[in-house]
Amino acid sequence: MRRLILRPGAIGDCLLALPAIEHLAASYTEVWISSAVVPLIRFADRVKPLSSTGVDLVGIDDLEPSPELFPYLQSFDSIVSWYGAARAEFRRALEATGVACQFLPALPPAGYAGHATTFFTVQVGAPDGIPRVDITPACDSPAIIVHPFSGSAKKNWPLANYRELAAKLPVKVGWSAGPEEQLAEARRFPSLAELASWLAGAGLYIGNDSGITHLAAAVGVPTLALFGPTDPAKWAPRGPNVTVLRSDPLEVLRVETVLQTANRLLG
């Protein structure tokens, strides 16, 4: 069977859906996913950035995808898509060309009480799971890595608190940041696979509710996740090495509380 899987979303959303995506693997599996996540999908026969396929142009007036797109979509025996479930015009355009597609909601509804990974696995009839990214740890990783950013300012513990924490930790801290984030001492990587390898070699990771925190948990490094307004029961990273501290608002979370937890995790 030839199966195509479409999964949009931020890094964390894609990683939380990883057990469901992997469950859908067929004799030939192709995955179209958010471009940053492409290097992390290791099980598929082919992985492409969703934005490079032209599928996002389907159903938009005055915009047309490549003429090769629809015949290519028709070549699959099965298409499972978390993309376009809420776009009626997209679904109609596919149906008009004879492309059959199973659409799934890309996010749990507001009233959903379980964990997001459970929501995604139930959608596809998969056993509940833990997102995992298997990668070789780097040999130059510091003992502790801190990523003090996220996609939303209200989910960020103050940077000044992170700096105070780093000064009090018993070992040297390495800092991580994305290309648009301002932190002079931070290390940046052109690929999430390289970042994943660096994270995997650390003894402890500390960060906010962010895609990079989900990545740290997925590579298996002991992870201390600081949560504010987001519900960790639904959105926390999963895994046996994940510890969550929550305070809403996040800025009232004391440095000493985080320090004590970090020291305990360091053993």
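The following paragraphs describe a parallel sheet, a loop cysteine, a helix and the internal spaces of a predicted model.

The sheet considered here is open and consists of five strands, arranged in the order β3-β2-β1-β4-β5 with parallel pairing. Its edges are formed by β3 (46-49) and β5 (102-103), each of which has a single partner strand, so that one side of each is left without a neighbour in the sheet. Strands of a sheet are paired through backbone hydrogen bonds, in either a parallel or an antiparallel manner. Between β1 (residues 2-7) and β2 (residues 28-33), which run parallel, six bridges are found; within this pairing R2 stands opposite Y28 of β2, and L6 has W32 of β2 as its bridge partner. On to β3, β2 is joined by four bridges, again with the two strands running parallel, and here E30 is partnered by R46 of β3. Strand β2 is mostly covered, in that five of its six residues are buried.

At the β5 edge strand, attention may be given to C101, which is located in the loop between α4 (88-96) and β5. This residue has a relative accessible area of 23% and is therefore classed as partly exposed, given that a residue counts as buried only when under 20%. When residues up to four places away in sequence are not counted, C101 is found to touch I79, S81 and L94. The C-alpha atoms of C101 and V80 lie 5.9 Å apart in space, although the two residues are separated by 21 residues in sequence.

Helix α10 (residues 255-266) comprises 12 residues and reaches 16 Å from its first C-alpha to its last, which is close to the 16 Å expected at 1.5 Å a residue. Its buried residues are V255, V258, L259, T261 and A262. These cover an arc of only 170 degrees around the axis, which means that they are placed on the same side of α10. An α-helix has 3.6 residues a turn, so residues three or four places apart point the same way. Q260 and R264, by contrast, are exposed on the other side of α10. The elements that cover the buried residues of α10 include α6 (159-168) together with the strands β8 (204-208), β9 (223-227) and β10 (242-246). Following the helix is G267, whose phi is positive, near 75 degrees.

With regard to empty space, the largest pocket has a volume of about 630 Å³ and is lined by 31 residues, of which I11, G12, S210, G211 and I212 lie nearest its centre. At least two lining residues of this pocket are supplied by each of α1 (11-16), α7 (192-200) and α8 (211-219), and the largest share, four residues, comes from α1.

A search of the whole structure also finds two cavities of 30 Å³ or more. The largest cavity holds about 40 Å³ of space, and its lining is made up of L15, L16, P131, H214, A217, A218, P237 and R238. Helices α1 and α8 each contribute at least two residues to the lining of the largest cavity, the largest share of which, three residues, is provided by α8. Both α1 and α8 thus appear in the lining of the largest pocket and in that of the largest cavity.

Notes
Residues are numbered from 1 along each chain as its sequence is written. This is a predicted model: local features need pLDDT of at least 70, side-chain atom pairs count only at pLDDT 80 or more; totals for chains, interfaces and linings use all residues. Side-chain values use heavy atoms; hydrogens and water are left out. The expected span of a helix is 1.5 Å times one less than its number of residues. Buried means under 20% relative accessible area, exposed over 50%, partly exposed in between (1.4 Å probe, protein chains only). The arc is that of the directions from the helix axis to the C-beta atoms. Contact means heavy atoms within 4.5 Å. Two strands pair if DSSP finds at least two bridges between them. On a 1 Å grid over the protein atoms alone, a cavity is a set of points where a 1.4 Å probe fits but cannot get out, and a pocket is an open set with protein on both sides within 12 Å along at least five of seven lines; lining residues have an atom within 4 Å of a point. Grid points are joined across faces, edges and corners, and a volume is the space filled by probe spheres set on the points.
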